[in-house]
Amino acid sequence: MKRIAFYGGSFDPVHNGHMAVAVALLDQFQLDAFVFVPAFHAPHKSRLTPTSAYDRFAMLCLATNRNEPRLSVSKMEVELPEKSYSVETLSRINSESPNDEIFFVMGADSWMDIKTWREWETVLSLTNHIVVTRRGIEIGTSHVTDEIRGRIVDLRSPTQITPRSAWGKAIYISDRVNIDISATEIRNKVRQNDLSWKADVPVEVAIYIEKYQIYN
């Protein structure tokens, strides 16, 4: 049995905060693999027009092409003919990896907006979840049911690694990463010709953004 985390999102663009989350969770949860799953178009962000899924996929491939074989990128959503919902993606992952222990990673903002997701209670029951904290966003629990609150495991400071054998299907809150980088701000800086954005993304991603004028 492998322990695999899937990190879904727009990644528009992938930045150093996303990469720090991946590296930190590989260690904290003793993961065998960490998979980025770029959305074709996040359903709960329907008012926004994302960058081409193929450009976002390419940038993720460049960002994960480093000396960490446990990092990879999945095409499962970008190849679909229409937008996919997390409940469908997680059901597919479970069917394709029935013997593995699956973790689904989400940011603090997604956790606080979880009730806007399609079949959100089912989503939270399909796999383990890891909620990654972010500065400025309070992690609350009053918006979810008592049953879901009972499955929350708070791993925030003092950081304590739970023994592997003690982990079951749960919702973990992790504060291992304390980097506050905004993809929206990166896109805006590119458009404004503010070169400080380059410090917030992997070098290979910065080269790709400039070469193909992704946000100009």
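**Two cores and a helix pair**

The largest nonpolar core of this structure has 37 residues. Within that core, Leu25, Phe34 and Val105 have the most contacts. Keep in mind that this is a predicted model.

Which elements build the core? Those giving two or more residues to it include four strands and four helices, listed here by kind. The strands are S1 (3-9), S2 (33-38), S4 (101-107) and S5 (128-132). The helices are H1 (16-28), H2 (53-64), H7 (183-191) and H8 (203-211). H1 gives the largest share, 6 residues.

Now look at Val105. Set aside its neighbours within four places in sequence. Val105 is then in contact with Ala5, Phe6, Tyr7 and Gly8, and also with Val21 and Leu25. Phe34, Ile130 and Val132 complete the list.

There is also a second, separate core, of 28 residues. Among them are Met76, Ala108, Leu124 and Ile171.

Next, turn to H2 and H8. How do these two helices pack? Their axes are 8 Å apart, and the angle is about 150°. An angle over 145 degrees counts as roughly antiparallel, so H2 is roughly antiparallel to H8. The crossing of the two helices is right-handed.

Which residues make this contact? From H2 come Asp55, Ala58, Met59, Leu62 and Ala63. From H8 come Glu204, Val205, Tyr208 and Ile209. Sorted by class, the contact of H2 with H8 has 7 nonpolar and 2 charged residues, and no polar ones.

Definitions and conventions. Residues numbered from 1 in each chain as written. Predicted model: local features only at pLDDT ≥ 70, side-chain atom pairs only at ≥ 80, totals over all residues. Heavy atoms only, no water. Core = buried A, V, L, I, M, F, W, Y, C linked by side-chain atoms within 4.5 Å. Buried < 20%, exposed > 50% of the residue type's maximum accessible area, 1.4 Å probe, protein only. Contact = heavy atoms within 4.5 Å. Axes fitted to C-alpha atoms, helices over the stretch in contact; angles between N-to-C directions. Parallel < 35°, antiparallel > 145°, perpendicular 65-115°, else oblique. Left-handed = near helix turned anticlockwise from the far one by under 90°. Nonpolar A, V, L, I, M, F, W, Y, C, P; charged D, E, K, R; others polar.
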